[in-house]
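Please consider the structure shown here. The paragraphs that follow lead from one pair of strands to the aromatic rings and then to the cysteines.

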Amino acid sequence: GKVFATTTANASSGWAQMVDLGGNTYKDLAVGQDSSGNKRWVLHCSNNTNEVAYVNDSADMTNASNWTEVNLSPNHKSVQEGVSMAWGNDVWILGGTTATRTVGATTYYDGPHHSTDGGAGWTKIDVDNTGNEAMKTVNYKEGNIWFVSFGPDLWKSTDNGLNWTLLGTIEAGKDIMCLAYDGNNRW
């Protein structure tokens, strides 16, 4: 639950503990905006409770009580690999662990989550992830376009993460651990 920060531009020195948020095992950190356009920091942890914590940049980020925790239902933990959270076009998308569960005769897929209110509220996104792989990367491109990976498979959304299309497998049996875009057609 510890967050370290530096104000040294090249990050070569000055690192110090900024805040200790307790026992949660936060794995992902991303910066974006809340629904009013204010800079917001969001953390995703691998616990089953309070999986998300966020704070606006204008708050005293060193005070743990200024961070708001969000308990997702069903549980949606972060993964060890990749950065599975991103912000773009006023949308946050949260990856992480995935699971199928059966209640009676119905099978539910607990997939990634989507937020349009700065990370305060999250809605589960249904993706036909038949491999039941963890979502290890999330990448915003531009406009309404997003890319994510599940195991070796690359998926694309053209509507801010509400619907997804499988583009294909990059390398069978190998997980996509990270994904980056240079802004000039190279991934």
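In this predicted model, threonine 137 has serine 149 of strand S14 as its bridge partner. This bridge may be placed in its setting: strand S13, residues 135-142, pairs with strand S14, residues 145-150, in the antiparallel sense, and the pairing extends over 6 bridges. The two strands S13 and S14 form a hairpin with 2 residues between them. Within that turn, glycine 143 has a positive phi of about 55 degrees.

Strand S14 also leads to the aromatic residues. The structure holds 4 aromatic pairs. One of them joins phenylalanine 147 and tryptophan 187, with 4.5 Å from centre to centre and 55 degrees between the planes. The pair counts as tilted because the angle is neither under 30 degrees, as for stacked rings, nor over 60, as for edge-to-face rings. It links distant parts of the chain, since phenylalanine 147 lies in strand S14 and tryptophan 187 in the segment after strand S16 (165-169), 40 residues apart. Phenylalanine 147 is buried, at a relative accessible area of 8%, whereas tryptophan 187 is partly exposed, at 39%. Together with Tyr181, Phe147 and Trp187 form one aromatic cluster.

The cysteines remain to be considered. A disulfide is a covalent bond between the sulfur atoms of two cysteines. How many disulfides does a search of the whole structure find? The search returns 0. As for accessibility, cysteine 45 is buried, with a relative value of 0%, while cysteine 178 is exposed, with a relative value of 62%.

Notes
Residues are numbered from 1 along each chain as its sequence is written. This is a predicted model: local features need pLDDT of at least 70, side-chain atom pairs count only at pLDDT 80 or more; totals for chains, interfaces and linings use all residues. Side-chain values use heavy atoms; hydrogens and water are left out. Two strands pair if DSSP finds at least two bridges between them. Helices (H or I, at least four residues) and strands (E, at least two) are DSSP runs, numbered from the N terminus. Rings of Phe, Tyr and Trp (its six-membered ring) pair if their centres lie within 6.5 Å; planes under 30 degrees apart count as stacked, over 60 as edge-to-face and the rest as tilted. Buried means under 20% relative accessible area, exposed over 50%, partly exposed in between (1.4 Å probe, protein chains only). A disulfide is a pair of cysteine sulfur atoms within 2.5 Å.
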